[in-house]
Amino acid sequence: MGEKYYVVWHGKKKGVFSNWKECEAQVKGVPGAKYKSFPSKEEAEAAFRRGWEAYLGEGAGKGETEGKNLPSHADRIEESITVDASCTGNPGPMEYRGVYTKTGQILFHYGPVFGTNNIGEFLAIVHALSYLKKNNLPYPVYSDSENAILWVKRKKANPSLPKTKETEKVWDLIHRAEKWLRENDWENEILKWRTEEWGENIADFGRK
């Protein structure tokens, strides 16, 4: 029950895979990767033969694809900002960026600065909220970090990073972000990026 099969049309290796981990290994870091989950091996094999255009292209939702084979990103809000952070070591040199989900256009980028991945995700979400408020845009923000989303909602980060000379800069950024959260209101939703359904975070740096 709940078993899924994954088709990779464009990735490091093409084919049908029986679990998300195997699928992810083929598509992570591959620009324009094409893949989708199906409820049975038979459907997945048929979809692989048909090609991705029938499921992820403009023709999706027509004919035999209607109802059960919707595009894997059908419920993703394209008019949004997706953020991600990358950290070499944890802690280590960290950077983050925000992209326009619909096109992948980079809207902002910061770093590197010494920190952690969760801190980068937190700062990225706040940066996105500030960007949206400044430009009067109603878009939601996507992040794949549950910790960072929780910190933003609480308006208070909770990193385990010690305060040292090396971390002084990032702690200053954290305090500034928390201050912005306390002093500003926003209506933009902060949503969890659903990696298993949509694939790798579109803002991902591809260094994992």
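In the predicted model, a hairpin of four residues joins β1 to β2, and the two strands, of which β2 covers residues 15-17, pair in the antiparallel sense over three bridges. Within this pairing, Tyr6 has Phe17 in β2 as its bridge partner. Strand β1 (residues 5-10) also pairs with strand β3 (residues 34-38), again in the antiparallel sense, here over five bridges, and His10 is matched with Lys34 of β3. β1 is mostly covered, since five of its six residues are buried.

A further set of strands forms an open sheet of five, arranged in the order β6-β5-β4-β7-β8 with mixed pairing. The edges of this sheet are taken by β6 and β8 (190-192), each of which has a single partner strand, so one side of each is left without a neighbour in the sheet. From one strand to the next, the twist averages 25 degrees. Strands of a sheet pair through backbone hydrogen bonds, in either the parallel or the antiparallel sense. Both senses occur here: β4 pairs with strand β7 (residues 141-143) in the parallel sense over two bridges, whereas β5 and β6 pair in the antiparallel sense over eight bridges. In the parallel pair, Thr82 stands opposite Tyr142 of β7. Two helices pack on the sheet: α5 touches β7 and β8, with a direction that makes about 160 degrees with that of β8, while α6 touches β5 and β6 and makes about 130 degrees with the direction of β6.

The antiparallel pair β5 and β6 forms a hairpin with four residues between the strands, and Gly104 in the turn has a positive phi of about 85 degrees. Further along this pair, Gly98 has Phe108 in β6 as its bridge partner. Between β6 (105-115) and α4 (117-134) there is a loop in which Thr116 lies. Thr116 is buried, because its relative accessible area is 14%, below the 20% limit used for that class. Apart from its neighbours within four places in sequence, Thr116 is in contact with Cys87, Asn90, Pro91, Met94 and Leu161.

Helix α4, which follows this loop, has 18 residues and reaches 25 Å from its first C-alpha to its last, close to the 26 Å expected at 1.5 Å a residue. Many positions along α4 are covered, and the buried residues are Ile119, Gly120, Glu121, Phe122, Leu123, Ala124, Ile125, Val126, Ala128, Leu129 and Leu132. Just after the helix, Asn136 takes a positive phi of about 55 degrees.

In soluble globular proteins, nonpolar side chains tend to be buried together. In this model the largest nonpolar core has 32 residues, and those with the most contacts inside it are Phe122, Leu123 and Ile125. The elements that give two or more residues to this core are β4 (81-87), β5 (92-100), β6, α4, α5 (146-154) and α6 (168-183), and α4 gives the most, with nine residues. The surroundings of Leu123 illustrate this arrangement: leaving aside neighbours within four places in sequence, Leu123 is in contact with Met94, Tyr96, Val170, Leu173, Ile174 and Ala177. A second, separate core has eight residues, among them Tyr5, Ala44, Ala54 and Tyr55.

Attention then turns to the annotated positions. An unreviewed UniProt entry lists Glu121 and Asp144 under "binding site". These two positions span 24 residues in sequence, yet their C-alpha atoms are no more than 8.4 Å apart, so they gather at one spot. Glu121 lies in helix α4, whereas Asp144 lies in the loop between β7 and α5. Glu121 is buried, with a relative accessible area of 1%. Beyond its neighbours within four places in sequence, Glu121 is in contact with Val83, Asp84, Ala85, Ser143, Asp144, Ser145 and Ala148, a set that includes Asp144, the other position listed in the UniProt entry.

How values were computed:
Residues are numbered from 1 along each chain as its sequence is written. This is a predicted model: local features need pLDDT of at least 70, side-chain atom pairs count only at pLDDT 80 or more; totals for chains, interfaces and linings use all residues. Side-chain values use heavy atoms; hydrogens and water are left out. Buried means under 20% relative accessible area, exposed over 50%, partly exposed in between (1.4 Å probe, protein chains only). Contact means heavy atoms within 4.5 Å. The expected span of a helix is 1.5 Å times one less than its number of residues. A nonpolar core is a set of buried Ala, Val, Leu, Ile, Met, Phe, Trp, Tyr and Cys residues joined through side-chain atoms within 4.5 Å. Two strands pair if DSSP finds at least two bridges between them. Axes are lines fitted to C-alpha atoms, for helices over the stretch in contact, and angles run from 0 to 180 degrees between N-to-C directions. UniProt positions are given in the numbering used here, feature names are shortened, and annotations may be inferred rather than shown by experiment.
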